[in-house]
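Subject: Structure handover and notes

Dear colleague,

Please find below the structure I promised to pass on, together with its sequence. My notes on what was found in it follow directly after.

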Amino acid sequence: MLEQHRARLRQERDIERRAIDGGTIQWLVDRELGAEHLMAYRLAVDPDSATGHVHAGAEEALYVVEGDGEVRVEHIAHSVNTGATPLVVVGAMAPLIEVNDIHPAMPPLDLRGVRRTALEEAGVMTPTMIDERLIKPTLMGERSFRVLVGPQVGCLRMTLFTGIIPTGRAPLHAHPHEEIVYILAGHGRLWIEDDQVGQLRRGSVVFVPVGVRHTLENIGADDMKVLGAFSPAGSPEAKLTTSS
């Protein structure tokens, strides 16, 4: 049934790591996996290293999983690791673009002295930094979520959120959007329709197409924490209803 519905469950440890300048990248979800609206990756930046890229036509949201560093954005994004351990970032992009259209970063433009209005007229977008701890959680039954990135901060094509799932299993549901879920902590099971299709643990990646009924079950004593992205943008509470 998993193949029939085109949903996917992958374990991070089984996904190819590609070497890039300053670290490694893993493509968690892309067109080859069946995605039509968004893609996701895991980037690990080595200590005292930097890696950057440039692309056109896609919005991008980054979530720092572990480590210390900084991100600079000006058409070009640089992840600079200033810590003693790898900086690990999970990113989502919408709409889909070809991986080959992502190129190494070029030298940044010198924008000192340029007025903000001039930057906006030129189409240069400034980044938005979000502190997850400052966002009030929204309750959804016994579960809760925090919307980190979406239309409220100018990201028009996708929404990025974190969610907390207590012990137990929520009812099956389907969304009007394509969804990617990355397990940050905890362990459990993925259900597609009435089938249990695999185990969830830290680093598990779930891809769910539009309209596929699914649920995540937490089988541990502690809360499960997830990072989610979906496109088109909207609310994590949005669900499809059954036709009468």
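In what follows, contact means heavy atoms within 4.5 Å. Please also keep in mind throughout that this is a predicted model.

With that meaning of contact, Ala-61 is a convenient place to begin. This residue has its place in strand β6 and is buried, with a relative accessible area of 3%. Leaving aside its neighbours within four places in sequence, Ala-61 is in contact with Val-90, Gly-91, Ala-92, Val-149, Met-158 and Leu-160. One of these partners, Val-149, is 88 residues away from Ala-61 in sequence, although the two C-alpha atoms are 7.1 Å apart in space.

The largest nonpolar core comes next. This core has 38 residues, and the members that touch the most others are Leu-28, Val-29, Met-93, Leu-160, Ile-180, Tyr-182 and Leu-227. Two or more residues are given to this core by each of β3 (23-29), β4 (39-45), β6 (59-66), β9 (87-94), β12 (143-149), β15 (178-185), β18 (204-208) and β20 (224-231), and the element that gives the most is β9, with 6 residues. To take one member in detail, Leu-227 touches Tyr-63, Val-90, Leu-160, Phe-161, Thr-162, Ile-180, Val-181, Tyr-182 and Leu-184, if residues up to four places away in sequence are not counted. Apart from this core lies another, of 13 residues, which includes Ile-183, Leu-190, Leu-200 and Val-226.

Two aromatic pairs are present in the structure. In one of them, Trp-27 and Tyr-41 meet edge-to-face, with 5.6 Å from centre to centre and 65° between the planes. Because Trp-27 lies in strand β3 and Tyr-41 in strand β4, this pair ties together parts that are 14 residues apart in sequence. Trp-27 is buried, at a relative accessible area of 9%, and Tyr-41 likewise counts as buried, at 3% relative accessibility. The rings of Phe-161 and Phe-230 have centres 5.9 Å apart and planes at 55°, so this pair is classed as tilted. Since Phe-161 belongs to strand β13 (residues 159-165) and Phe-230 to strand β20, the parts that the pair ties together are 69 residues apart in sequence. Phe-161 and Phe-230 are both buried.

Strand β20 also holds Ser-231, a polar residue that may interest you for its surroundings. Is Ser-231 buried or exposed? Its relative accessible area is 5%, and as buried means under 20%, Ser-231 counts as buried. The side chain of Ser-231 reaches the backbone oxygen of Arg-157 at 2.6 Å. Not counting residues up to four places away in sequence, Ser-231 touches His-37, Leu-38, Ala-94, Arg-157, Met-158, His-177 and Glu-178.

Strand β18 deserves a paragraph of its own. How many of the residues of β18 are buried? The count is 5 of the 5, so this strand is largely enclosed by the rest of the structure. Ser-204, Val-206 and Val-208 point one way from β18, while Val-205 and Phe-207 point the other way, and all are buried. Strand β1 (residues 8-11) pairs with β18 in the antiparallel sense over 4 bridges, and here Gln-11 stands opposite Ser-204. Strand β15 is also joined to β18 by 4 bridges, again with the strands running antiparallel, and in this case Glu-179 stands opposite Val-208.

Finally, there is an open sheet of 4 strands, in the order β14-β19-β16-β17, with antiparallel pairing. The edges are taken by β14 (168-169) and β17 (195-200), each of which has a single partner strand, so one side of each is left without a neighbour in the sheet. Within this sheet, strand β16 (residues 188-192) and strand β19 (residues 214-218) run antiparallel and are joined by 5 bridges, with Arg-189 standing opposite Glu-217 in β19. One further arrangement to look at is that of Arg-169, whose charged end sits over the ring of Trp-191, 3.8 Å from the centre of that ring.

With best regards

Terms used. Residues numbered from 1 in each chain as written. Predicted model: local features only at pLDDT ≥ 70, side-chain atom pairs only at ≥ 80, totals over all residues. Heavy atoms only, no water. Core = buried A, V, L, I, M, F, W, Y, C linked by side-chain atoms within 4.5 Å. Buried < 20%, exposed > 50% of the residue type's maximum accessible area, 1.4 Å probe, protein only. Pairing = 2+ DSSP bridges. Polar contact = N/O pair within 3.5 Å; in protein donor to acceptor, adjacent residues only side chain to side chain. Phe/Tyr/Trp six-rings, centres within 6.5 Å; stacked < 30°, edge-to-face > 60°. Lys NZ or Arg CZ within 6 Å of the ring centre and 35° of its normal.
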